[in-house]
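Here is a short report on one predicted model. It starts with ring pairs, then turns to a sheet, two loop residues and the confidence values.

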Amino acid sequence: MLLGAAPGVGKTYTMLEEGARLRAEGRDVVVAVVETHGRNATAAMLQDLEVIPRRVTQHRGIELAEMDTGAVLVRRPDIALVDELAHTNAPGSWNEKRWQDVEALLDAGINVMSTVNVQHIESLSDVVEQITGAPQRETVPDQVLRKADQIEVIDLAPQALRDRLAEGHVYPAARIDAALSNYFRLGNLTALRELALLWLADEVDSALKSYRTEHGIDSKWEARERVVVALTGGPEGETLIKRGARIAARSAGGELIVVHVTSQDGLADSHPGALSAQRALAEKLGGTYHQVIGNDIPRSLVEFAKASNATQLVIGVSRRSRLAAALTGPGIGATVIRESGAIDVHIVTHAAAGGRFALPRLSGALTLKRRIFGFMVALAAGPLVTWLLVSFRSADSITSDVLGFQLLVVVVALIGGIWPALFAALLSGLTLDFFFVQPLYTVTIGKPAHILALVLYVLNAMLVSYVVDQAARRSRAAIRAVAESELLATIAGSVLRGQDALEALITRTRESFKLNSVRVLADDEVLYASGEPEESDRVTVLPVGDRGTLELRGPDLPASERRLLSVIAAQIDAALEHNALVKTAGEVEPLAQADRMRSALLAAVGHDLRRPLTAATAAVSGLRSTDVAWSDSDRDELLATAQESLESLADLVTNLLDVSRVQAGALAVTTAPVLVENVILAAIDELGLGPADVELGIAEDLPEVLADDGLLQRVLVNLLENARKFSKPDFPVRISASTFASSVEVRVADSGPGVPQDRREDIFVPFQRLGDTDNSTGLGLGLALSKGFVEGMGGTLQAEDTPGGGLTMVISLPVVEMSLPR
């Protein structure tokens, strides 16, 4: 089955091409029925294939040629090519629908290759009608299509299809303009293309479910992946992101989520700018970037993955040494695997070990885990060192014994800080006195000098422990400062990439501090919010300048994090101030626009009103002059000049008044059900145009529209005058009307030079003439007024290219609802 998004994508040609290939391979292939629609390339493909003659029937005096199903059954080929599966057969045929004929061929053991467009799929016909405005009378049941062994989408880019249509490869020349203007709009084709691909993707999912049911597979298959990639901030991040993107791309609708958890993990510092580059790479690959602050990295990472409904989790392999692993316990990877549950974990090797910088709690220099581990080292290593020194004890070994225990104290201080080191120093002092100082195996000291040595020993251990503790404290403070800067940089980057400043601030704050809800309030009114609060949440409230408060709901926050939140609150205050300034600027903009309008009006009035005033004044002054004896013909000419000038002046003043009403929103519009064709004919009569000047293309049975017939006639007169002015000689203006969705579109097309895409909006601005070089054609209000009139009636006025060259003005007006009385 060959599925297309629209006519002309190449379904029939592809079917005939495949039929020719199969025949070249020795398969018995016949053409049961093919509709060439006058396309020479399609007709040429039939020359090398056997074609079953059609059966001709009479219906109301018209000969109709249909597929001869009986002849195909008698011929009994291996493969039959059947075009347009949704076709309705002529009365008196074997079956009402062509797809029923195809079922008969399949029942007879004949393989069938067929074509169908997405608009003919029964379950999608109403959606297609909403998109295109065209009802579908010929459909194929979905279950018929699902019986196909293989469905292939014949895909063609929407603009490429429009180009084929404009070049005459799809429809005859007489139908091109109407097709491009209605069904084959770029937006329509894009939506139909997406609809075809989504329908096929759903069919693939259904096929997968059927397969699993038939084979008794009960386990869950995640066909659409949501991949979370964990970044350390090191250079290996690029490798991890690309691996995650490849995993996500393997399934339809796969999603890539990149996250960086900021906390202590014992790894080296990240490369400068690495996270920024990796964030840009993730967004380039279609992913999203998130940052989370968590003291326990593995659990924070797994919690984020579960909250994101992840199916895959990608992390980098640890590069720690065995000694580091022995000292600090199992790595992040082992904990993530243990905590991940149903989430698949990928540990990816990489060339470089990425560094991590931490955001530790400033309330303590070393974590409780490290302090406990320090006590354990002191308790375990003390007896071992004692046993070794006692084994090699001699009368002269007291110095080496003291240095050995001193080394133990330094090691414990490096691991656990001051309190484990003090414990190790006291334990070592007692051990030295008991095992190595005379008298042995007692805690008494025989010489006063030994007391001084022990005191100095303990003091030395305390000083070493203090230095280690202070170094760890300063290191963690510096690392936290870097992490805070990174968090603020992430928020700033979200704003710079176009996200709303307050939305980015609030969302990133909630994610980073693992809060349930963050809200910005002003006078008990919620201005912005992110997340849902829970009853058990602790509430933290921070002032946001004098503009409101920042409400945080979630776990209790220590003072160190409140300091960072105060910085974020200051940024929120700045963002609120910026929004207030933008709002003020928005209120001032109409005043500035009105000022520009007045300036343009004065400049235009200076020239365009002077000309008719001067002409009228000169004519009237000449008529009143007694110095010249005017003939009757001269007098009539002067009167005609005065009348023409005054009428022109009246038209200009009327247009200026209408523009002022449009700009002030005070345009008086009285809408009522109107037949568009009546208004079109009235506009043509007003201009005195004949068949040689205008080509009509009005669809039958047009519904009534809601419009002001007087204003609509003025719009059409203006558009027709412009079209005649710019059209080529001997090329009539084309005006057409047709139904599209819930509106009626009137199109006025000329064959002139057209308007560049970047100037389309300018032509609707008051006092603008394209090129601004011709000052003899009025104030440049025509299209501005027309657009204002149409929008006042609830419609739209847009400019499009005319196929073959020129400009098409499109008026779209709403159709009268059926509930309105006629």
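A search of the whole structure returns 3 aromatic pairs. Rings of Phe, Tyr and Trp (its six-membered ring) count as a pair if their centres lie within 6.5 Å; planes under 30 degrees apart are stacked, over 60 edge-to-face, and the rest tilted. One of the pairs joins Phe 434 and Phe 435. Their ring centres are 5.0 Å apart and their planes meet at 75°, so the pair is edge-to-face. Phe 434 is partly exposed, at 29% relative accessible area. Phe 435 is partly exposed as well, at 26%. Here buried means under 20% relative accessible area, exposed over 50%, and partly exposed in between (1.4 Å probe, protein chains only).

The model is predicted: local features need pLDDT of at least 70, side-chain atom pairs count only at pLDDT 80 or more, and totals for chains, interfaces and linings use all residues. Residues are numbered from 1 along each chain as its sequence is written, and side-chain values use heavy atoms, with hydrogens and water left out.

**The sheet**

The chain has 24 helices and 24 strands. These are DSSP runs numbered from the N terminus: helices are H or I with at least four residues, strands E with at least two. One open sheet holds 6 strands in the order β3-β2-β6-β7-β1-β8, with parallel pairing. Two strands pair if DSSP finds at least two bridges between them. β3 (50-51) and β8 (152-154) stand at the edges with a single partner strand each, so one side of each has no neighbour in the sheet.

Helix α1 (residues 11-24) packs on this sheet and touches β1 (2-4), β2 (29-33), β3, β6, β7 and β8. Its direction makes about 165° with that of β7. Helix α4 (residues 98-107) also packs on the sheet, touching β2, β6 and β7. The α4 direction makes about 180° with that of β6. Axes are lines fitted to C-alpha atoms, for helices over the stretch in contact; angles run from 0 to 180 degrees between N-to-C directions. Contact means heavy atoms within 4.5 Å.

How is β7 joined to β6? Strand β6 (residues 79-82) runs parallel to β7 (residues 111-117), and 4 bridges join them. In this pairing, Ile 79 has Asn 111 of β7 as its bridge partner. Val 82 stands opposite Ser 114 in β7. β1 and β7 also pair in the parallel sense, over 3 bridges. Leu 2 stands opposite Thr 115 in β7. Of the 7 residues of β7, 5 are buried.

**Two loop residues with positive phi**

| Residue | Phi | Loop | Relative accessibility |
|---|---|---|---|
| His 37 | near 55° | between β2 and α2 (40-44) | 47%, partly exposed |
| Asp 701 | near 55° | between β19 (694-698) and β20 (705-707) | 75%, exposed |

**Whole chain and confidence**

Of the 822 residues, 42% count as buried. Among contacts with a separation of 6 or more, 71% link residues 24 or more positions apart.

Mean pLDDT is 78, and 79% of the residues reach 70 or more. pLDDT is the predictor's confidence in each residue, from 0 to 100. Over residues 353-364 it is below 50, and this stretch has 66 contacts beyond near neighbours in sequence. Residues 771-780 also stay under 50, with 21 contacts beyond four places in sequence. Where pLDDT is low, the predicted coordinates should not be read in detail.
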